[in-house]
Amino acid sequence: MDLPRSAEVVVVGGGINGTSIAFHLARRGLRVTLMEKDFIAAGPSGRSSGIIRQHYSNEVTARMALHSLRVWQHFDQVVGGDAGFKQTGFLVCVREEHLEGLKANIALQQSQGINTHLVWADELKGLEPHISGAGLVAAAYEPESGYADPASAATCFANAAKRLGATILVGTKVVSIQTAGEKVTGVVTNRGPVAAGSVVVAAGPWSPLLARTVGIDLPITASRHQVCLYRWPASFRGHMINADFVGGIYLRPEAGRQMLVGSVEPEEAEARVDDPDHFNQTVDFDTVTRFAERVAHRYPDMQQGTSAGGYAALYDIAPDWHPIIDEVPGLAGLYVCAGGSGHCFKLSPAIGEMVAQLVVEGKKPGDDVNLFSFDRFAQGQPVRGKYEYSILG
Ligand SMILES: Cc1cc2nc3c(=O)[nH]c(=O)nc-3n(C[C@H](O)[C@H](O)[C@H](O)COP(=O)(O)OP(=O)(O)OC[C@H]3O[C@@H](n4cnc5c(N)ncnc54)[C@H](O)[C@@H]3O)c2cc1C
């Protein structure tokens, strides 16, 4: 497709958030051009575990999760197409020391209308026949949660944006952002310049590189996150999604009678990657065996399962494990939506709407988006949950 000379808004990045933003901007009638250097969902979105849960420890993110869940449940009507949402149910398993926190979080989520409740360890077998309650005191149970197919979801958002008049350019890399004085004027791409009144940087772990072209230092780092797959043994009848904070793993069912497993430990951030275009995309042998031991501890029948390999992809992490969603102070028209910190697939419907509102209407006191401000680290006001265990936010 030809490169347009100008756009009202350029969105950089064809991941789940860039495509959701383009859809929501186009829905508000703006002339949007989305630019993706490779193909839709080529980056971390395409390898996301796609888990859609509601368990958050502050009201804003819990509200965003619930709002987004309703979109995932009715995706064909709201956006169009099949995002592959599967309702499986979701457990958050904790040990004794986190019981009061778990109860507080459940109460917070219920106050926002989320369908969740506490299940004691000895009641779990009734819900999840293969589980062992070893080391657990209780779990939060969300019957409505599940997972979706991130590549399909991003493609659906991009197609829906296109139907509303947006231009979607793949194979188009933004090389730099252009400014005049304290205002954005457009971008330069590998195919030429495009003038724009607003530019939204939704480039995941590449966002700091792009921000640097206008002298902005984004406090976002990239880290390698490993995902392992294990085949169920013949006798295994399945399982729901589980964030097991005792074992330090999350897991969900995967097509082909498999269990998909990743880590919920904050040490993830230590596997830092300096160049998002060059990193080890395979899994380490010791991770395959470590996760397998933890899986077998929680689901003893999986001892007869077999490894089906795995892969690695990048988290773009902000210092408080929450995204930056804001107009950059001092550079009118430049917006950042990055630093998803391993949990912003599920929130992408809410994020797209928030960014569209930010671009069209600006910020007002009391808006949820204020939580994710660019300045919060400099001002010593990082996002904090009421009760956080590990990296769940
Ligand atoms: C292994 C893994 C598991 C995860 N599991 C979950 C989960 O279960 N649930 C959940 O909610 N979240 C999960 N996440 C987090 C979630 O997937 C991410 O927060 C989300 O996908 C980020 O999407 P994005 O659109 O912001 O960025 P990205 O997916 O990083 O997309 C950015 C895009 O920008 C493009 N780009 C970069 N630079 C340029 C440029 N200069 N010009 C043009 N294009 C450019 C890239 O090619 C890329 O396609 C997981 C992440 C990983 C890595």
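**Figure 1. Tyr 250 has Gly 262 as its bridge partner in strand E16 of this predicted model.** Strand E16 spans residues 258-263 and is joined to E15 by 6 bridges, the two strands running antiparallel. A hairpin is formed by E15 and E16, with 3 residues between them. In the turn of that hairpin, Gly 256 has a positive phi of about 85 degrees.

**Figure 2. Strand E14 meets strand E15 in an antiparallel arrangement.** The view covers E14 (residues 241-244) and E15 (residues 249-254), which are joined by 3 bridges. Tyr 250 of E15 stands opposite Ala 243, and Tyr 250 is also the residue whose bridge partner in E16 is Gly 262. E14 and E15 form a hairpin in which 4 residues lie between the strands. Gly 248, in the turn, has a positive phi of about 75 degrees.

**Figure 3. Strands E10 and E11 pair in the antiparallel sense.** E10 comprises residues 174-180 and E11 comprises residues 183-189, and the pairing extends over 6 bridges. Two positions are shown along this pair. Gln 178 stands opposite Gly 186 in E11, and Ala 180 stands opposite Lys 183 in E11. The hairpin of E10 and E11 has 2 residues between the strands, and in this hairpin Gly 181 takes a positive phi near 60 degrees.

**Figure 4. Strand E11 also pairs with strand E12.** The pairing of E11 with E12 (residues 192-201) is antiparallel and involves 4 bridges. Val 187 stands opposite Val 194 in E12. The connection from E11 to E12 is a hairpin through 2 residues. E11 is thus shown here with E12, and in the preceding view with E10.

**Figure 5. Strands E3, E8 and E4 form an open sheet.** The sheet has 3 strands in the order E3-E8-E4, and the pairing is antiparallel. E3 (51-52) and E4 (86-87) are the edge strands, each pairing on one side only. E3 is joined to E8 (residues 146-147) by 2 bridges. At one position of this pair, Ile 52 has Gly 146 of E8 as its bridge partner.

**Figure 6. Helix H1 packs against helix H9.** The angle between H1 and H9 (residues 348-361) is about 50 degrees, and their axes lie 8 Å apart. Because angles under 35 degrees count as roughly parallel and those from 65 to 115 as roughly perpendicular, H1 is oblique to H9. H1 passes H9 in a right-handed crossing.

**Figure 7. Helix H1 packs against helix H6.** H1 and H6 (residues 150-163) pack at an angle of about 25 degrees, with 8 Å between their axes. H1 is therefore roughly parallel to H6. The crossing of H1 and H6 is left-handed, whereas H1 passes H9 in a right-handed crossing.

**Figure 8. The ligand is surrounded by 40 residues.** The closest of these residues are Gly 15, Gly 43, Ser 48, Gly 204 and Gly 340. By class, the residues of the shell divide into 18 nonpolar, 16 polar and 6 charged. At least two residues of the shell are supplied by each of helix H1 (16-27), strand E13 (221-231) and strand E18 (306-317). At least three residues of the shell come from domain 1 (6-47 + 151-220 + 320-376), and at least three from domain 2 (89-144 + 222-317). Helix H1, which contributes to this shell, is also the helix that packs with H9 and with H6.

Methods
Residues are numbered from 1 along each chain as its sequence is written. This is a predicted model: local features need pLDDT of at least 70, side-chain atom pairs count only at pLDDT 80 or more; totals for chains, interfaces and linings use all residues. A residue is near a molecule or strand if its C-beta atom, placed from the backbone, lies within 6 Å of it. Ala, Val, Leu, Ile, Met, Phe, Trp, Tyr, Cys and Pro count as nonpolar, Asp, Glu, Lys and Arg as charged, and the others, Gly among them, as polar. Domain bounds come from an automatic or database domain assignment. Two strands pair if DSSP finds at least two bridges between them. Axes are lines fitted to C-alpha atoms, for helices over the stretch in contact, and angles run from 0 to 180 degrees between N-to-C directions. Angles under 35 degrees count as roughly parallel, over 145 as roughly antiparallel, 65 to 115 as roughly perpendicular and the rest as oblique. A crossing is left-handed if the near helix is turned anticlockwise from the far one by less than a right angle, and right-handed if clockwise.
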